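Let's take a walk through a protein fold together. Keep the picture open while you read, and turn it around as we go.

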Amino acid sequence: MKIVMLGPPGAGKGTYASRLTVKLGVPHISTGDMVRDEIKKQTELGRRIKEYSDRGALVPDEIIIKLLAERLKKPDCDGGFILDGFPRTIRQAEALEKIAKIDLVINLNVPDEIIITRLSNRLICRECGAIYNLLTLKPKRDRICDKCGGPLYQREDDRPEVIKERLDVYRRQTEPLIEYYERKGLLRNVSCNDLMTPPEVMIERIIEIIEEKKRSS
Ligand code: ADP
């Protein structure tokens, strides 16, 4: 199944997608991780991308569409995938339509207060990209990744002043996708109104939606 995870920054797209990938046996494709990898490699493209990403702006459509299109050509995507962080603009959604037929769009609804608290407490593994949260998903050892032992850090764009900009960008550029996919009959909503709701509860709800979709198609 080809699934898109939609929702504001900090809604949990990456956290849920990284667990769903194991349960569903399809790759988790995060354009945010791809962007951070490219920056880490310090390529020319990485340097260009960093200018946008550090200030919470979107990377230009043509760059991100090209990166994504190349990733989706790999054979592991033939049986389906979970897209996290793409599409983020109508133009990206239209480009995606030409590359793959999406079966389902999961839209995560989360209030701004929860997002801001979550992102300010988020830590990421520098080595493997695993996501932690000092309030809800603590690592076992202080600032060390449970999975690979790598160091945990706060993302440049998870600083409070950048979070606000990312939420504005989301409202302006990404939110119109909700209606776009609703019109196509692909959208299913999942809400999280409590900061302490464990990821497992959310994942169960998402899996129910996926199962329902499988039955009906
Ligand atoms: P978030 O936690 O905000 O969902 P991501 O990890 O998905 O963040 O993305 C981090 C940054 O990478 C974004 O702020 C943006 O600069 C860039 N990025 C990721 N995906 C896209 C995309 N589809 N289009 C444009 N820029 C993107």
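What follows is a tour of the sheets, two of the helices and two single residues. One thing to keep in mind from the start: this is a predicted model.

**The parallel sheet**

Let's begin with some background. Strands in a sheet pair through backbone hydrogen bonds, and they can do this in a parallel or an antiparallel way. Here, an open sheet of 5 strands shows parallel pairing, and its strands come in the order 2-3-1-4-8. Which strands stand at the edges? They are strand 2 (28-30) and strand 8 (187-191), and each has a single partner strand, so one side of each is left without a neighbour in the sheet. On average, neighbouring strands of this sheet are turned by 20 degrees against each other, if you ignore direction.

Now find strand 1. Is strand 1 largely enclosed or left open by the rest of the structure? Count the buried residues: 4 of its 5 residues are buried, so strand 1 is largely enclosed by the rest of the structure. Strand 1 (residues 2-6) pairs with strand 4 (residues 104-109) in the parallel sense over 4 bridges. Strand 1 is also joined to strand 3 (residues 81-84) by 4 bridges, and these two run parallel as well.

If you want to see the partners one by one, start at Ile3, whose bridge partner in strand 4 is Leu104. Then look at Val4, which has Leu83 of strand 3 opposite. Finally, Leu6 stands opposite Asn107 in strand 4.

**The antiparallel sheet**

There is also an open sheet of 3 strands, in the order 6-5-7, and its pairing is antiparallel. Its edge strands are strand 6 (131-133) and strand 7 (152-153), each pairing on one side only. Strand 5 (residues 122-125) and strand 6 run antiparallel and are joined by 3 bridges. To spot this pairing, look for Ile124, which stands opposite Ile131 in strand 6.

**Two helices, each with a buried side**

Helix 7 and helix 9 can be set side by side:

| Helix | Number of residues | End-to-end C-alpha distance | Expected span | Arc of buried residues |
|---|---|---|---|---|
| Helix 7 | 15 residues | 20 Å | 21 Å | 160 degrees |
| Helix 9 | 18 residues | 26 Å | 26 Å | 120 degrees |

Take helix 9 (residues 199-216), which lies across strand 1, strand 4 and strand 8 and runs at about 160 degrees to strand 8. Which residues of helix 9 are buried? They are Pro199, Met202, Ile203, Ile206, Ile209, Ile210 and Lys213. Look down the axis of helix 9 and you'll see these buried residues fall within an arc of 120 degrees, so they line one face of the helix. Among the elements covering them are strand 1, helix 1 (13-24), strand 4 and strand 8. Turned away from that buried side is a face with the exposed residues Glu204, Glu208, Arg215 and Ser216.

Helix 7 can be read in a similar way. Its buried residues are Val162, Ile163, Arg166, Leu167, Val169, Tyr170 and Thr174. They cover an arc of only 160 degrees around the axis, which puts them on the same side of helix 7. The cover over them includes strand 1, helix 3 (44-54), helix 6 (112-120), strand 5 and helix 8 (176-183). On the face turned away from the buried side, helix 7 carries the exposed residues Glu161, Lys164 and Arg172.

**Zooming in on Arg166**

Arg166 lies in helix 7 (residues 160-174). Is Arg166 buried or exposed? Its relative accessible area is 9%, and the cut-off for buried is under 20%, so Arg166 counts as buried. Its side chain reaches the backbone oxygen of Asp157 at 2.5 Å. Leaving aside neighbours within four places in sequence, Arg166 is in contact with Pro9, Gly56, Leu119, Arg122, Arg155, Asp157 and Asp158.

**Zooming in on Cys145**

Our last stop is Cys145, in the loop between strand 6 and strand 7. Cys145 counts as buried, at 1% relative accessibility. Not counting residues up to four places away in sequence, Cys145 touches Cys125, Cys128, Ala130, Tyr132, Gly150 and Leu152. Glu94 is 51 residues away from Cys145 along the chain, and the C-alpha atoms of the two are separated by 37 Å.

Notes
Residues numbered from 1 in each chain as written. Predicted model: local features only at pLDDT ≥ 70, side-chain atom pairs only at ≥ 80, totals over all residues. Heavy atoms only, no water. Buried < 20%, exposed > 50% of the residue type's maximum accessible area, 1.4 Å probe, protein only. Polar contact = N/O pair within 3.5 Å; in protein donor to acceptor, adjacent residues only side chain to side chain. Contact = heavy atoms within 4.5 Å. Pairing = 2+ DSSP bridges. Axes fitted to C-alpha atoms, helices over the stretch in contact; angles between N-to-C directions. Expected span 1.5 Å × (residues − 1). Arc of directions from axis to C-beta.
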